[in-house]
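The following note is offered to a colleague beginning to read protein structures. Please keep the sequence and the model in view while going through the numbered points.

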Amino acid sequence: MPVCGMCGGVAEKLANSHIYPASMTREQSAGSELVAAKPERGHVVIATAGLRDRIVCIRCEQLFHPFDDEGIRFRRRALKLEGLVGFRHESISLPTLRADASKLHTFALQTVLRAALSNHTPDVPVSELTQWTANRLLDGRPTVDDGPEVFIRIIRGDLGAVSMDPALHQDATPPCYILHMPNMTIFVARDVGGKLDRSCSHMTLRAGTEVTIWRSRIELYELARITDGLAPVAAEMRKVFKKLERSSARRKKKQ
């Protein structure tokens, strides 16, 4: 019998949990196919679903839903600037939106937890933070008051829709987790009560306040990271894209 990675209980079966919410992947594809690459394995495939794994029991999976729902809603509204309150930081034009900062904070942490429990995302280890997060979810207590700092950035443009596996970036100062979701990147301090870089300290999530967001297009250093990371499978990716182009052309001829 499988054991739940969150509560430790024995279950008849484990839920098929998405690391990132499934609706984000569907919106990312916009009705078309997605190309998924695993450079470390040399794999490039046409994707039919987002990254998922059987990691927790059905009861624990249900604990994720309210926070996933808030993350999904916030991403949609931030891309459209729905629920705009104002521009608190006029000098750099950062909007503030009405959202539940406490739920968004837990959404970020439970995403780190799911990644740590999954064998598909080895760059996020099980840690004191992930165990702390599991305990907070099981106890129904918020994470925002004494948890790590969390900062959300919205990435616009076509390249902004690229998503990558969650990872712990030890080379960051200070080290942090980076969650590359479609059009939304979330930075999470590595330790319980940990801090992020001082440059984003005024934009971290705080309970009871509107959420300040930084909307921008992909930066050059981020593009370089994607390019360098995909270099080992560049030839395979070109083959897959050509296959998709041929498939699309055949569908158009039949119409």
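1. The start of helix α3. A side-chain oxygen of D100 comes to within 3.1 Å of the backbone nitrogen of S102, at the start of α3. It should be kept in mind throughout that this is a predicted model.

2. The length of helix α3. Helix α3 covers residues 101-117, which makes 17 residues. At 1.5 Å a residue the expected span is 24 Å, and the C-alpha atoms at its ends lie 25 Å apart, so the two values agree. The expected figure is obtained by multiplying 1.5 Å by one less than the number of residues.

3. The surroundings of helix α3. Of the 17 residues in α3, 14 are buried, so the helix is mostly covered. One residue of this helix is H105. H105 is counted as buried because its relative accessibility is 1%, and buried means under 20%. The side chain of H105 also makes a polar contact, at 2.7 Å, with the side chain of T143.

4. The largest nonpolar core. In soluble globular proteins, nonpolar side chains tend to be buried together. Here the largest nonpolar core contains 44 residues, and M6, F74, I152, M181, M184, I186 and V188 are those with the most contacts inside it. Two or more residues of this core come from each of β4 (52-57), α2 (58-80), α3, α4 (128-139), β7 (150-156), β9 and β10 (184-189). Helix α3 gives the largest share, nine residues.

5. The cavities. Rolling a probe the size of a water molecule over the atoms shows where empty space is left. How many cavities of 30 Å³ or more does the structure hold? There are two of them. The largest has a volume of about 120 Å³, and the second largest a volume of about 30 Å³.

6. The lining of the largest cavity. This cavity is lined by I155, L159, G160, V162, M164, H180, M181, T185, I218, E222, R225 and I226. By type, these residues divide into seven nonpolar, three polar and two charged. Strand β9 (176-181) and helix α5 (220-230) each supply at least two residues of the lining, and α5 gives the largest share, with three residues. M181 deserves attention, as a residue of this lining that is also among those with the most contacts inside the largest nonpolar core.

7. The second largest cavity and T212. The residues lining the second largest cavity are A101, M203, T204, L205, R206, T209, E210, V211 and T212. They comprise four nonpolar, three polar and two charged residues. T212 belongs to strand β11 (residues 211-212). With a relative accessible area of 6%, T212 is buried. T212 and T96 stand 116 residues apart in sequence, yet their C-alpha atoms are 4.3 Å apart in space.

8. The second largest pocket. This pocket holds about 370 Å³ of space. It is lined by 21 residues, of which C176, F187, D197, C200 and Y221 are the closest to its centre. The elements β7, β9, β10 and α5 each give two or more residues to the lining. By type, the lining divides into 11 nonpolar, five polar and five charged residues.

Key:
Residues numbered from 1 in each chain as written. Predicted model: local features only at pLDDT ≥ 70, side-chain atom pairs only at ≥ 80, totals over all residues. Heavy atoms only, no water. Helix = DSSP H or I, 4+ residues; strand = E, 2+ residues; numbered from the N terminus. Buried < 20%, exposed > 50% of the residue type's maximum accessible area, 1.4 Å probe, protein only. Polar contact = N/O pair within 3.5 Å; in protein donor to acceptor, adjacent residues only side chain to side chain. 1 Å grid on protein atoms, 1.4 Å probe; cavity = no way out; pocket = protein on both sides within 12 Å on 5 of 7 lines; lining within 4 Å. Points joined across faces, edges and corners; volume = space filled by probe spheres on them. Nonpolar A, V, L, I, M, F, W, Y, C, P; charged D, E, K, R; others polar. Core = buried A, V, L, I, M, F, W, Y, C linked by side-chain atoms within 4.5 Å.
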